[in-house]
Amino acid sequence: MPTPQFIVDLRTHIGHAPLWLIGVTAVVIRGDDVLLVERADNGIWAPVTGIVDPGEEPAHAAVREVAEETGVTAAPERLAWVHVTPPITHVNGDQAQYLDHVFVMRWVAGEPYPADDESTDARWYPCTALPDMPERMRMRISAALDPSRETQFEWSEEPRTGWAGR
C-alpha cells in the first residue's frame with residue numbers, strides 16, 4: 001500500500017499541507033550484497049523506506065516494510081542513523097518531512113521481488129557496485145555499512161528549520 005490509511009484520512013482534512021512523519025530506511029544486508037528497490041513513483045533505486053504507523057515501533061516498521069515491498073524476511077541488527085530529511089513534495093503534491101531511522105537489517109529468508117505497487121523491481125546489489133541513486137540514499141547505505149560507527153545523530157549549533165522556517 002503506497003500511502004498508509006491514517007495519512008489518507010489526514011489528507012482529507014488538510015489536503016497537500018505539510019505533514020511531519022516518522023520514517024524508516026531498512027538497509028538489508030546479505031553477505032556482501034544490499035537489497036534495493038526501484039521505486040514506482042520516481043524510478044530511483046533505494047533501500048526500502050516507509051512510514052511508521054501510529055503506535056508502531058520503528059524497528060517493527062522496518063521489518064514490515066521490507067516484507068511488504070520485497071517479500072524478504074529481515075531482522076533489525078542496529079540503528080545506524082537518525083536524521084531529519086529535507087521537506088519534500090511527493091509526485092501527487094503531498095508535502096512531508098520525515099524523522100528517518102536508518103536500520104541495518106540482516107537477511108533471514110526469501111528472494112526479493114516487487115511485492116506491492118510501490119516498486120517496479122527489487123534485487124540484491126553488491127555493496128561495491130550500487131546503481132545510480134540520489135546521494136541521500138547513498139548516505140543511508142554508507143551509515144549502515146560502517147561497522148565501526150555507533151548510531152549517528154544529526155547535530156549542529158544552528159538548528160535546521162523545516163516548513164515553518166521556509
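Biologist: How many bridges join E1 to strand E2, and in which sense do the two run?

Modeller: In this predicted model, strand E2 (residues 33–39) runs antiparallel to E1 and is joined to it by 2 bridges. Within that pairing, Arg30 has Asp33 in E2 as its bridge partner. The two strands make a hairpin with 2 residues between them, and in the turn Gly31 adopts a positive phi of about 65 degrees.

Biologist: Which sense, parallel or antiparallel, applies to E1 and E7, and which to E1 and E4?

Modeller: A general idea helps in reading such strands: side chains alternate between the two faces of the sheet in a regular strand. In the present case, E1 and E7 run parallel and are joined by 11 bridges; there, Leu19 is opposite Ala96 in E7. The pairing of E1 with E4 is antiparallel and extends over 4 bridges, with Ala26 standing opposite Val48 in E4.

Biologist: How many of the 12 residues of E1 are buried?

Modeller: The number is 9, so E1 is largely enclosed by the rest of the structure.

Biologist: What is the volume of the largest pocket?

Modeller: The general approach is to roll a probe the size of a water molecule over the atoms, which shows where empty space is left. Here the largest pocket has a volume of about 940 Å³. Its lining comprises 40 residues, of which Arg39, Asp41, Thr49, His90 and Tyr98 are the closest to the centre. Among the elements that give two or more residues to this lining are strand E1 (19–30), strand E4 (48–51) and strand E7 (95–109), as well as helix H2 (58–70).

Biologist: Which classes of residue make up that lining?

Modeller: The lining of the largest pocket has 15 nonpolar, 14 charged and 11 polar residues.

Methods. Residues are numbered from 1 along each chain as its sequence is written. This is a predicted model: local features need pLDDT of at least 70, side-chain atom pairs count only at pLDDT 80 or more; totals for chains, interfaces and linings use all residues. Side-chain values use heavy atoms; hydrogens and water are left out. On a 1 Å grid over the protein atoms alone, a cavity is a set of points where a 1.4 Å probe fits but cannot get out, and a pocket is an open set with protein on both sides within 12 Å along at least five of seven lines; lining residues have an atom within 4 Å of a point. Grid points are joined across faces, edges and corners, and a volume is the space filled by probe spheres set on the points. Ala, Val, Leu, Ile, Met, Phe, Trp, Tyr, Cys and Pro count as nonpolar, Asp, Glu, Lys and Arg as charged, and the others, Gly among them, as polar. Buried means under 20% relative accessible area, exposed over 50%, partly exposed in between (1.4 Å probe, protein chains only). Two strands pair if DSSP finds at least two bridges between them.
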